[in-house]
Amino acid sequence: MNTKILTPTDENIWLAAQTLREGGLVGMPTETVYGLGGDALNEEAIRAIFAAKARPADNPLIIHVPSIQAAEGLCEISDVSRRLMCAFCPGPLTLLMPKKPIIPAVANAGLDSVAIRIPSHPVALQLLEMSGVPVAAPSANTSGKPSPTTAMHVYHDLYGKLPIILDGGACQVGLESTVLDMTAEVPTVLRPGGITPELLLTVLPEVRVSDSVLRPLKEGEKALSPGMRYRHYAPSGQLTLVKGEQSNVEHLCKKMYQDTVNVGRSARILAFEEHLPAYEGQSVLSIGSLSRPETIAHKLFAVLRQIDDEKIDILTCEILPAEGIGLAIMNRLSRAAAFHVIDADAIVGFVDTRR
Ligand code: TXA
Ligand code: MG
């Protein structure tokens with residue numbers, strides 16, 4: 001199959017909508033990441049999504065609709081869920097709600113809940129409106145790769161597996177939506193994203209954040225959100241996160257860089273915009289501005305793809321507080337680093353006292 005990247009004119013969006021109605025797959029831009037869309041009520045289309053991504057069948061899909069009204073046909077919406085949807089949808093929020101029987105088991109891994117999202121990207125909304133079908137769409141990457149934030153990322157991962165990718169530009173948020181379990185006793189964030197716990201608390205009296213968000217699953221532990229089980233976002237080189245006092249972080253990143261280069265291997269430091277001057281002379285890549293963390297979210301997956309393509313052996317990366325959008329950034333970075341974090345204060349202190 002030939003894959004075409006199309007500019008999102010009315011005509012091309014109509015063509016994509018027609019493809020969805022006929023059971024075909026479409027690469028669609030959203031404000032979070034690109035999705036691989038198919039008709040959520042068409043079992044053949046759902047199976048094609050799983051096959052194209054090489055995605056395990058027990059990892060349920062998010063179903064995209066253009067409005068609360070369209071969601072009503074698919075799930076039971078409580079008053080609290082409705083309040084959240086009124087406040088944050090369209091936007092980067094996915095709610096897990098009790099499903100209605102119309103949802104085919106292949107789409108949500110046979111669970112009692114279904115994940116529903118109303119994306120805010122104008123092209124996504126127009127596509128959903130024009131198609132008239134609910135659209136199941138996981139991120140349009142090969143399973144395990146960073147999610148795609150440009151049409152070219154989708155093309156790179158899925159060429160030949162879908163006929164159309166609508167090019168809606170670089171995704172504004174850059175990280176996947178917040179997944180909030182509304183079937184839990186207290187609404188629980190299973191995957192942090194653009195709608196932060198702080199924002200949710202402006203509508204809800206109480207929010208929990210699943211403690212597995214910033215740590216690996218324990219042996220035999222059941223993942224609340226099946227997607228969190230899989231190795232994600234990992235580049236081919238070894239990525240280490242470095243925490244601690246800034247001067248110690250810089251000292252350790254530089255030392256690891258130099259030690260690696262000295263033995264003939266490739267290294268790269270990932271640092272915040274504000275700290276770049278400290279690494280002069282080393283191979284350093286900006287991951288965005290610490291004072292505007294939304295810029296980090298916006299480019300993180302593109303950076304992870306770049307360092308993967310470049311096959312750098314050893315990577316060190318600065319970290320930021322897990323607050324606000326920082327929680328979602330640290331969730332993705334921790335997984336990319338396979339939870340490998342070094343405390344520069346402990347190590348640099350250790351080196352100094354021995355001198
Ligand atoms: O921003 C996004 O959410 C993007 C765009 C395309 O909308 N989509 C996306 O889908 O990230 P995906 O399939 O890559 O991630 C969906 C996550 C997975 O971790 C999955 O396990 C979880 O949501 N999920 C979906 N339905 C669920 C359910 N019923 N119960 C628990 N977790 C669920
Ligand atoms: Mg995904």
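**Exercise 1. Disulfides**

Determine how many disulfides a search of the whole structure finds, and examine Cys86 and Cys253.

*Solution.*

Step 1. A search of the whole structure, which is a predicted model, finds 0 disulfides.

Step 2. A disulfide is a covalent bond between the sulfur atoms of two cysteines. The cut-off required for this step is that the two sulfur atoms lie within 2.5 Å.

Step 3. For Cys86, the closest cysteine sulfur belongs to Cys89 and is 8.6 Å away, which is too far for a bond. Cys86 has a relative accessible area of 56%. Because the cut-off for exposed is over 50%, Cys86 is classed as exposed.

Step 4. Cys253 is likewise in no disulfide. Its nearest cysteine sulfur is that of Cys317, at 8.0 Å. Cys253 has a relative accessible area of 0% and is buried.

**Exercise 2. The sheet of 11 strands**

State the order of the strands in the open sheet of 11 strands, and identify which strands stand at the edges.

*Solution.*

Step 1. The order is β1-β8-β2-β3-β7-β4-β6-β5-β9-β10-β11, and the pairing is mixed.

Step 2. The edges are formed by β1 (4-6) and β11 (208-209). Each has a single partner strand, so one side of each is left without a neighbour in the sheet.

**Exercise 3. The surroundings of strand β3**

Describe how β3 pairs with β2 and with β7, and state which helix lies across β3.

*Solution.*

Step 1. Strands of a sheet pair through backbone hydrogen bonds, either parallel or antiparallel. Strand β2 (residues 26-28) and strand β3 (residues 35-39) run antiparallel and are joined by 3 bridges.

Step 2. Two pairs of opposite residues can be named here: Val26 stands opposite Gly37, and Met28 stands opposite Gly35. The connection from β2 to β3 is a hairpin through 6 residues.

Step 3. With β7, strand β3 also pairs in the antiparallel sense, over 2 bridges. Here Asp39 stands opposite Val135 in β7.

Step 4. Helix α2 (residues 43-53) lies across β3 and β7 (135-136), and runs at about 155 degrees to β3. Strand β3 is mostly covered, with 5 of its 5 residues buried.

**Exercise 4. The sheet of 5 strands**

Give the order and pairing of the open sheet of 5 strands, and state which helices lie across β12 and β15.

*Solution.*

Step 1. The order is β14-β13-β15-β12-β16, with parallel pairing. The edge strands, β14 (284-286) and β16 (341-343), each pair on one side only. From one strand to the next, the twist averages 25 degrees.

Step 2. Strand β13 (residues 267-271) and strand β15 (residues 314-318) run parallel, joined by 4 bridges. The bridge partner of Ala267 is Ile314 in β15.

Step 3. Helix α9 (residues 246-262) lies across β12 (238-243), β13, β15 and β16, at about 160 degrees to β13. Helix α11 lies across β12 and β15, at about 135 degrees to β12.

**Exercise 5. Two helix pairs**

Classify the packing of α1 with α6 and of α10 with α11 as roughly parallel or oblique.

*Solution.*

Step 1. Helix α1 (residues 10-21) and helix α6 (residues 122-131) pack at about 55 degrees, with their axes 8 Å apart. These helices are therefore oblique to each other, and their crossing is right-handed.

Step 2. In this contact, residues of α1 including Trp14 and Leu20 meet residues of α6, among them Leu127 and Met130.

Step 3. The axes of helix α10 (residues 294-309) and helix α11 (residues 325-336) come within 9 Å and cross at roughly 20 degrees. Angles under 35 degrees count as roughly parallel, and α10 and α11 are therefore roughly parallel to each other. Their crossing is left-handed.

Step 4. Residues of α10 including Leu300 and Phe301 meet residues of α11, among them Ile329 and Leu333.

**Exercise 6. A residue in a loop**

Locate Ile77 and decide whether Ile77 is buried or exposed.

*Solution.*

Step 1. Ile77 is in the loop between α3 (68-72) and α4 (79-88).

Step 2. Its relative accessible area is 14%. Because buried means under 20%, Ile77 is buried.

Step 3. Not counting residues up to four places away in sequence, Ile77 touches Ile68, Ala71, Glu72, Arg82, Met85 and Met97.

Step 4. Ile77 and Lys99 are 22 residues apart in sequence, and their C-alpha atoms are 9.3 Å apart in space.

Definitions and conventions:
Residues are numbered from 1 along each chain as its sequence is written. Chains are lettered from A and ligands numbered from 1 in the order in which they are written. This is a predicted model: local features need pLDDT of at least 70, side-chain atom pairs count only at pLDDT 80 or more; totals for chains, interfaces and linings use all residues. Side-chain values use heavy atoms; hydrogens and water are left out. Two strands pair if DSSP finds at least two bridges between them. Contact means heavy atoms within 4.5 Å. Axes are lines fitted to C-alpha atoms, for helices over the stretch in contact, and angles run from 0 to 180 degrees between N-to-C directions. Buried means under 20% relative accessible area, exposed over 50%, partly exposed in between (1.4 Å probe, protein chains only). Angles under 35 degrees count as roughly parallel, over 145 as roughly antiparallel, 65 to 115 as roughly perpendicular and the rest as oblique. A crossing is left-handed if the near helix is turned anticlockwise from the far one by less than a right angle, and right-handed if clockwise.
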